[in-house]
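Biologist: Please take a close look at one helix in this model and then set it in its surroundings. A plain account will do.

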2 protein chains.
Amino acid sequence: MDFKMLDEEVSRRGLIKGAAGLAGVVALTAGGLGFLSKAEAAKKGAGELPFPYKKFTDAEIKEAGNIAHDNWFKGFCSYAALSGGLTILRRKIGEPYTSFPMELTTFAHGGTSGWGGTCGTLIGAGVLSTLCAGPKIGEAINNEVCNFYATSALPIFVPDHPKAQIKTTSTSNSPLCHLSVGKWMQKEGVGFLSPQQMDRCGRLAADMCMKTIEYLNLWADGKFEAKTKAPVMANEIPSQNNCTECHGSNIPKTSGKFGTGLDLLKSGH
Amino acid sequence: MDFKMLDEEVSRRGLIKGAAGLAGVVALTAGGLGFLSKAEAAKKGAGELPFPYKKFTDAEIKEAGNIAHDNWFKGFCSYAALSGGLTILRRKIGEPYTSFPMELTTFAHGGTSGWGGTCGTLIGAGVLSTLCAGPKIGEAINNEVCNFYATSALPIFVPDHPKAQIKTTSTSNSPLCHLSVGKWMQKEGVGFLSPQQMDRCGRLAADMCMKTIEYLNLWADGKFEAKTKAPVMANEIPSQNNCTECHGSNIPKTSGKFGTGLDLLKSGH
């Protein structure tokens, strides 16, 4: 039974759980080949991650934000967040970014094909961080970006060319499209597909795109620290952190003991 | 203001809403360049979607399912669902699949970096359908797969090499990891990272991978029909369809009128 990757994942989670010290910083900034060993990667040839990365300047980060905002109106949120970074990476670096399909995550808009799940900006942003830093660091960055998404009053970015004026920011306490856009629309007093909602979502795509690039820049300098405890470890199930908002005081217990998989790992099965 | 894409999207949604007849089938099986015009795509050069597709045989679909199940234990759910299809596409077709990074959506496991949002299998599956059929058809297929996920008693697939025996299936009524795995664990009586939960999620990754390939095969034959009304259109907000499960009888109204964005489009702004 090949639990090596799960083992590594759990080890990394443990690291994150303990709030990364110096050793954590070193481990998380090593780049490399993600969860495949070098031998495995060499075997598979092309298609390796990460792609080469060059730090964005402050002007380029702002430009990425403006591209993301503008591109919301071409392909919605997930396309916006990914294309904001990818457009500049294609210009700065070229291949393999040029051959990477810009529209790959367009389906993820509206919380995945409109189903209200994970905000599409976080899927576009996760692909961006994975492309540039590989699957392990890419996920560690995405976890921080999810936390930023759930805990910040958004949107923050003010685009050069807004398509609507908006009055309100709101904190979602959730990575979900439905809760994030729903709470904001209620506060702003507008409906779905109103000019305000569309511009708000475009600005939010810019925020996630830019935050991802800021973390990538830190990582490139060896300064990225994973600070956010992944909710799956905190709550013993993949989850948000605001259990009572949906469950009230009646939060279900998972029936079994959490961590039997970890025990299995430790016993070498 | 460039609302062309939004316009096309809304038209397509309208098409889906009305349940695709012959015209719909033709429109949705035309393949092509997704939401970019041919001129735009020619300008950008490489990185175009869709990649070439060849129909999977029944044996290959089953093999994809087994690869997905096995690969859950190497990179979790999203990696599993994508790699099940991609491994066979690399063997059948080669480039550009060989150069496409297999680990791209690993971060999406556990509902996006463990945050319990959209099940990672649906993100891996959405990338698979988008690669093979482009962003428009890829999303239409993903919408059907999301509906299959939310309405079916899962898992269905029985792998050649199960790593645990399981007793239970459950219907999530949701595309969310948290609800899907939570309901199943409660019914099975096991905890997170138990051998049963891990094998269940591996089987479910196989189900989403195989269902995506089945739809891609139908599309390749000109027989794919988009039948599921996207919840964003049904409920006037990106959402699941079981509003009362979280909201009880107190379902919030969006404050504004749905469709002002559509009105804006129609008035040519």
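Modeller: The model is predicted. I start with helix 7 of chain A, residues 195-220. Its 26 residues should span 38 Å at 1.5 Å a residue, and the end C-alpha atoms are 38 Å apart, so the length agrees with that of a straight helix. Of these 26 residues, 21 are buried, which means that helix 7 of chain A is largely enclosed by the rest of the structure. Just after this helix, Gly222(A) has a positive phi of about 75°.

One contact partner of this stretch is Thr121(A), which touches Leu204(A), Ala205(A) and Met208(A). Thr121(A) belongs to helix 5 of chain A, residues 120-151. With a relative accessible area of 1%, Thr121(A) falls under the 20% limit and therefore counts as buried. Leaving aside residues up to four places away in sequence, Thr121(A) also touches Cys77(A), Ser78(A), Ala81(A) and Tyr149(A).

The surroundings in chain A are helical: the chain has 10 helices and 0 strands. Of its 269 residues, 61% are buried. Among contacts in chain A with a separation of 6 or more, 69% join residues 24 or more positions apart.

Helix 4 of chain B, residues 58-92, gives another case for the span test. This helix has 35 residues, and a straight helix would reach 51 Å at 1.5 Å a residue, but the end C-alpha atoms are only 14 Å apart. A kink of about 135° in helix 4 of chain B is centred on Gly75(B). The helix is mostly covered, with 26 of its 35 residues buried. Just after helix 4 of chain B comes Gly94(B), with a positive phi of about 85°.

Last, the open space. The largest pocket holds about 1000 Å³. Its lining consists of 37 residues, and those nearest the centre are His178(A), Leu179(A), Cys246(A), Cys246(B) and His247(B). Helix 6 (177-188) and helix 9 (243-247) of chain A each supply at least two lining residues, as do helix 6 (177-188) and helix 9 (243-247) of chain B. Helix 6 of chain A gives the largest share of the lining, 6 residues. By type, the lining residues of this pocket are 15 nonpolar, 17 polar and 5 charged.

Terms used:
Residues are numbered from 1 along each chain as its sequence is written. Chains are lettered from A and ligands numbered from 1 in the order in which they are written. This is a predicted model: local features need pLDDT of at least 70, side-chain atom pairs count only at pLDDT 80 or more; totals for chains, interfaces and linings use all residues. Side-chain values use heavy atoms; hydrogens and water are left out. On a 1 Å grid over the protein atoms alone, a cavity is a set of points where a 1.4 Å probe fits but cannot get out, and a pocket is an open set with protein on both sides within 12 Å along at least five of seven lines; lining residues have an atom within 4 Å of a point. Grid points are joined across faces, edges and corners, and a volume is the space filled by probe spheres set on the points. Helices (H or I, at least four residues) and strands (E, at least two) are DSSP runs, numbered from the N terminus. Ala, Val, Leu, Ile, Met, Phe, Trp, Tyr, Cys and Pro count as nonpolar, Asp, Glu, Lys and Arg as charged, and the others, Gly among them, as polar. The expected span of a helix is 1.5 Å times one less than its number of residues. The bend at a residue is the angle between axes fitted to the seven residues ending there and the seven starting there. Buried means under 20% relative accessible area, exposed over 50%, partly exposed in between (1.4 Å probe, protein chains only). Contact means heavy atoms within 4.5 Å.
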